[in-house]
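Reader: I would like to go through this model by question and answer, beginning with how the strands are paired.

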Amino acid sequence: MADVEAMLAHWAERAGPHPDGAMLPPHHEQCLGCGPDNAHGHHLQVNRRGDGVAADHVFDDRHVGAPGVVHGGAVATVLDDLSGFLLYLVGTPAVTRQLTVDYLSPVLVGVTYRMEARVTSREDRKFFVAATLSDLDGCTVATSTAVFVTVGVEHFARHGAVSGGSPTPPVADDHRDSGREGAVGQQRG
Ligand SMILES: CCCCCCCCCCCCCCCC(=O)SCCNC(=O)CCNC(=O)[C@H](O)C(C)(C)COP(=O)(O)OP(=O)(O)OC[C@H]1O[C@@H](n2cnc3c(N)ncnc32)[C@H](O)[C@@H]1OP(=O)(O)O
């Protein structure tokens, strides 16, 4: 199992606070959405914008569904990952509990899109997020809403590995987080 102390240090390194306009650190180097070392990833570069987060993104041939059109799963990936950057503003690690995507128009390969996400409300451990994907003319082509649940770094120790190595396989009677995981980091409402 990965070392919780190392995870805490890893989180503390990235946690911020981050000033308005700052580029936010990737979730980790191999993250499918934003990890710079993931050869199959989207390499999102995300900035804080006021109380929200924003990124520009161009999908490429690796992300195609129908010819020339981006696969819906790839669209969901970047909306989920961008939403996951709000944890740097909330001040604690969090994971997606629910993601709902509305695909309004085909998203095209090779086109620059602007993405934005913000927290719409908070309730105890949950924060509710809305995100948009728009072209540079301001036409919104996809939107998402998500429920994130804050977790302690123990969540990642229990379910995975910090860097490299194989994730810890789930244990049959411990596939969910028992009780209410403690959050690390300060709440920054
Ligand atoms: C490496 C070390 C440092 C790490 C540094 C940071 C890394 C940070 C990585 C982040 C990366 C982000 C990247 C993109 C985001 C992913 O990709 S995250 C990955 C995908 N998501 C997951 O793997 C989550 C899997 N699910 C789980 O682990 C567990 O279900 C959870 C989320 C921890 C919750 O489990 P639980 O503690 O048993 O909670 P549960 O009672 O089921 O539900 C929690 C609450 O949500 C509510 N809820 C559930 N569903 C709904 C719903 N649809 N609507 C409203 N409320 C709902 C429940 O009612 C409950 O409310 P309360 O009773 O607490 O008021």
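**Strand pairing and core**

Author: A starting point is the pairing of Ala55, whose bridge partner in E4 is Met115. The model is predicted.

Reader: Which residue in E4 is the bridge partner of Val53?

Author: Strand E2 (residues 52-58) and strand E4 (residues 112-123) pair in the antiparallel sense over seven bridges. Within E4, Met115 is the partner of Ala55. For Val53 the bridge partner in E4 is Ala117.

Reader: Which are the edge strands of the sheet?

Author: The sheet is open, has six strands with antiparallel pairing, and follows the order E1-E2-E4-E5-E6-E3. An edge strand pairs on one side only, and this holds for strand E1 (47-49) and E3.

Reader: By how many degrees are neighbouring strands of this sheet turned against each other on average, direction ignored?

Author: The neighbours follow from the order E1-E2-E4-E5-E6-E3. With direction ignored, the average turn between neighbouring strands is 25°.

Reader: Which residue takes a positive phi in the hairpin of E4 and E5?

Author: E4 and E5 run antiparallel and are joined by ten bridges. Glu123 stands opposite Lys126 in E5. The hairpin has two residues between the strands, and the one with a positive phi, near 50°, is Asp124.

Reader: At about what angle to E3 does helix H2 run?

Author: Helix H2 (residues 72-84) lies across E2, E3, E4, strand E5 (126-135) and strand E6 (140-150). Relative to E3, the helix H2 runs at about 135°.

Reader: Which element gives the largest share of the largest nonpolar core?

Author: The largest nonpolar core has 32 residues, and Val75, Leu82 and Met115 are among those with the most contacts inside it. Two or more residues come from each of E2, H2, H3, E4, E5 and E6. Met115 touches, among others, Ala54, Val78, Leu82 and Leu133. The largest share of the core is five residues, and it comes from H2.

Reader: Is Gly91 buried, partly exposed or exposed?

Author: Gly91 is placed in the loop between helix H3 (87-90) and strand E3 (94-103). Its C-alpha atom is separated by 12 Å from that of Glu13, 78 residues apart along the chain. A residue counts as buried from 20 other C-beta atoms within 10 Å and as exposed at 12 or fewer. Gly91 has 18, so Gly91 is partly exposed.

Reader: How far apart are the end C-alpha atoms of residues 68-138?

Author: UniProt, in an unreviewed entry, lists residues 68-138 as "domain: Thioesterase". The span is 24% helix and 45% strand. The distance between its end C-alpha atoms is 21 Å.

Conventions: Residues are numbered from 1 along each chain as its sequence is written. This is a predicted model: local features need pLDDT of at least 70, side-chain atom pairs count only at pLDDT 80 or more; totals for chains, interfaces and linings use all residues. UniProt positions are given in the numbering used here, feature names are shortened, and annotations may be inferred rather than shown by experiment. Helices (H or I, at least four residues) and strands (E, at least two) are DSSP runs, numbered from the N terminus. Two strands pair if DSSP finds at least two bridges between them. Axes are lines fitted to C-alpha atoms, for helices over the stretch in contact, and angles run from 0 to 180 degrees between N-to-C directions. Two residues are in contact if their C-beta atoms, placed from the backbone, lie within 7 Å. A nonpolar core is a set of buried Ala, Val, Leu, Ile, Met, Phe, Trp, Tyr and Cys residues joined through C-beta atoms within 7 Å. Lists of a residue's contacts leave out its neighbours within four places in sequence.
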